[in-house]
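Here are my notes on this entry, as numbered points. Please read them with the model open.

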Amino acid sequence: MTIRPAWLLALTLVAPLGAGCDGDTATDGGTDAAPGDAGPVEPASLAHCSFETAPPTGGAGGTVSAGALSAGVAESFIDVPLGTAVGSYTARAESFGNQGFIPRPDNRRTLLANAFAPSVGLETIPRIRALALRAGGETVVIMKVDLSLSYQGFVHDVEAALGPEYSGKVIIAASHSHSSFGNYTGHSGMKVGFGDLRGTVYGAMIDQLTATARAAIDALEPARIGFSLNAGFDPDNRVNRDRRSENNELAGGSFDDAQLFVIRVDTAGGAPMAMLPVFGMHGIIHDADNTIVSTDAPGGLERVLEESFDREVLVMHLQGAGGDVSPAGMGSTDCAGARVCTDFARAETIGHYALAEVRAAWEAAGADMQAEVALEMLTRTIPLGPDWRTFSIRDGALTYAEFDGRRVADGRVYGDDGRLLSPIDEFNAPHGAALCGAGDDLGLRLPRALLPGTDDLFEYSYYNCLKVDQIVNVLSSIVDVPFEPTPLCETTTTTVSALRIGEWMIATLPGEPVTLLRDHVQTLSPMPPERTIVVGYAQDHGGYLLRPEDWLSGGYEPSISFWGPLEGEYVAEQLAAVMRLATTPEREDGNAGGIGHPVVARVTDDIPLDDAPLRGTVPSAAPEYLLAHRFQTLTTVQPPATVRRIENVFFTWIGDDPLRGTPRVVLEREVAPGDFEPVRRRSGRPVQDGDLLLTWTPNPILREAGVPRTHYYTVELQVASPLGMPGLESLPARRGFPLGRYRFRVTHRNYDVASDPFEVVPATLEASVERAGADATITLGVLNAAGYRLLDMSGARSNQLVPLRGATIVATIPGGGEPQTLTADDQGRVTVTAPAGTTVTLTDEYDNTVTVTL
């Protein structure tokens, strides 16, 4: 999640309203407790919260034994309404947009998103992916959902829906796309970036997660599993890169998550079933101004990997240490000066840059495939605040002084020996604190909310910490989300899991682990570090997870946490305890050592639905306003009869209220007169997103009492070969989109509709001529300023002139004899020797042509 506190400051919250991470802590060199005794202090009350204890771990009481492995896979689309908030960025709240920070495509407001920017379309449809494993009487399900955050409510509700035997047996991780849906978390601290919890969204998510998990379980068949580690992944930082310079001194330099783990699952006969690459990378290619739903960088990776197989293989990227790691990739389309525009193509470049290394790790994982494994998984809900005594780490060497809210800190953070002093008295926040950061990192200091005695601690993250109980009312008014009394209930617990598969360990962290904390978890594991796979953004989300010295170093990451410098390492140590249980011969009850998890009441949205008597029809003319990518003006609703390659083609129809479901669009090709079939990628998947953009326009934009609304939907296709098109997989081959007749097919639970057919014809190439004596040098390329597809990774923006690098060109001069076959250079240039004024036609290997005068 991304909060920009300086923007809060600009709106309403205006004032005045160096040691190593080696685990050493000062015990004899000094204490950090303040003198004096104000009397007994009790932790803040949680009487306003409701908690529910999970049932015993499924299968507890038995013995772990190796058994024949079975595996099953399933995937589905997340089906929640357009108009749901787009999560992750607080800047998408109206208070920011109305101030001009984040321009929106129009002034629409939905009852689901409320004050947050509503989703207005789809680029890549968020998925739910599931891998079920069974061996020795144990069945577990690993799931990944294309959302920014996981939520412990998901885990407990899905396990309950599957049955008591699955208690503690389900992992739900998130992709961390910052352009996916919101309105699904009951964690009030996270609602400032996701909007309020909506029953319409949450209920649909639970139903779909449960159905996908069941489908994977139902698909179980004999299988084999293998693992590999590339510890030097992406040395040139083309896939991911370090984004946290504040911990460079602690880390010994600038490092990102260079550990690439790959889990490979094949059928017993050797056919690939699942590929799970694990490494950290934020999903932040698209910024807060994007409200078209996208799976962002992780989705770009998965889509490219999917199309490296000749069959449907489940590709499920899991986050590793993504907390301090950004996506890299290559900027691919230029949005300068354009509204409703984002660089969708850049996400795909991440997949191309990662492809060779991930495939090599996949092959390495196949070197030692196991058909029989010991399998055990445990899940535990652990306490967090408000009891300061909970946060005792490093065998008790680091603790907090009591949270009394009054004591003034002594200002001593490190002892003379360079080690942290304990007990820590600076973090004195009975209800938790947030928006922490050193110096001018955040630019937000509210005297009444500051931690007492931290005014002089400019270089530490304590300096900007704001006590949660002092800021929730202001935050509530800004984002229009209600908060319960503090401490916020979901900040008081979190959920961790450990899954042993043979000699390997999968350990989950409920938030955004930075690389130093991930490394520490691996040292705590009962398995060797190189066999311990840490999955972040899984089971819950409480913010960033850092070691104490790292948290104190400032920067952005400490701003999204609630219980100060000890929280991250405390969670790591609690996870280590669960990992140790997963390696014993007994099947323990992981929940026995935990506590209850918060229960958030399901809400009923009671949102009225618009009548849609015209759904499934095509309007006779385009309405005055239709939203499209790059704010293109659309004057027709049907595709034209012919469309040139590289150009864009649109189709608009009248659909249903989005609360009744999202339409799905598939590109179809005519295979016989009047007979159309879906266009399929190499993997066998139909072309229905990524290459297609879907936007939604209600008319009127704002709901008006007694005024009927019409819901228009528009699909856009740039006519470049889809990702994974058989025989056309290279980027230059995108200008070779197969010729023929096509149409858009729309399906919805309440209607079906198809566009008029359109014929794809060759592109007209761009050409410029320069003469030098008898020679004419012709630069050839393709150009679509409104394009959004990836066409080039050699320096050109894909919606600017893309040279025909290395293309085979046939030059034909009327009456000039046999055509010449030429090879373009790396700038798309060919040279023709002919007199000035000669007309020449140049044709590339895909029959795209241009005629020029030399």
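1. Start with Thr 843. Its bridge partner in E41 is Thr 849. This is a predicted model, so the points below describe a prediction. The pair belongs to the ladder between strand E40 (residues 839-843) and E41, where 5 bridges join the two strands. They run antiparallel.

2. E40 and E41 sit in an open sheet of 4 strands. The order is E38-E37-E40-E41, and the pairing is antiparallel. Strand E38 (820-823) and strand E41 (849-853) are the edge strands, each pairing on one side only. From one strand to the next, the twist averages 30°.

3. Next, a hairpin. E31 and E32 form it, with 2 residues between them. Strand E31 (residues 740-748) pairs with E32 in the antiparallel sense, over 4 bridges. His 748 stands opposite Tyr 751 in E32.

4. Which face of strand E32 (residues 751-754) is covered, and which uncovered? Tyr 751 and Val 753 make up the covered face. Asp 752 and Ala 754 make up the uncovered one. In a regular strand, side chains alternate between the two faces of the sheet.

5. A second open sheet deserves a look. It has 8 strands, in the order E7-E6-E5-E3-E8-E10-E11-E13. The pairing is mixed. Strand E7 (170-174) and strand E13 (314-315) stand at the edges. Each has a single partner strand, so one side of each is left without a neighbour in the sheet.

6. Within that sheet, check E3 against E5. Strand E3 (residues 70-77) and strand E5 (residues 127-135) pair in the antiparallel sense over 8 bridges. One register point to verify: the bridge partner of Gly 72 in E5 is Ala 132.

7. Helix H8 packs on this sheet too: H8 lies across strand E8 (221-230), strand E10 (260-267) and strand E11 (272-278). The helix runs at about 55° to E10.

8. H8 also matters for the next item, the second largest cavity. About 130 Å³ of space lies in this cavity. Of its 18 lining residues, the closest to the centre are Glu 123, Arg 303, Phe 344, Glu 348 and Gly 690. Helix H7 (296-306) and helix H8 (344-365) are the elements that give two or more residues to the lining.

9. What is the make-up of that lining by class? The lining of the second largest cavity has 5 nonpolar, 7 polar and 6 charged residues.

Methods:
Residues are numbered from 1 along each chain as its sequence is written. This is a predicted model: local features need pLDDT of at least 70, side-chain atom pairs count only at pLDDT 80 or more; totals for chains, interfaces and linings use all residues. Side-chain values use heavy atoms; hydrogens and water are left out. On a 1 Å grid over the protein atoms alone, a cavity is a set of points where a 1.4 Å probe fits but cannot get out, and a pocket is an open set with protein on both sides within 12 Å along at least five of seven lines; lining residues have an atom within 4 Å of a point. Grid points are joined across faces, edges and corners, and a volume is the space filled by probe spheres set on the points. Ala, Val, Leu, Ile, Met, Phe, Trp, Tyr, Cys and Pro count as nonpolar, Asp, Glu, Lys and Arg as charged, and the others, Gly among them, as polar. Two strands pair if DSSP finds at least two bridges between them. Contact means heavy atoms within 4.5 Å. Axes are lines fitted to C-alpha atoms, for helices over the stretch in contact, and angles run from 0 to 180 degrees between N-to-C directions. Buried means under 20% relative accessible area, exposed over 50%, partly exposed in between (1.4 Å probe, protein chains only).
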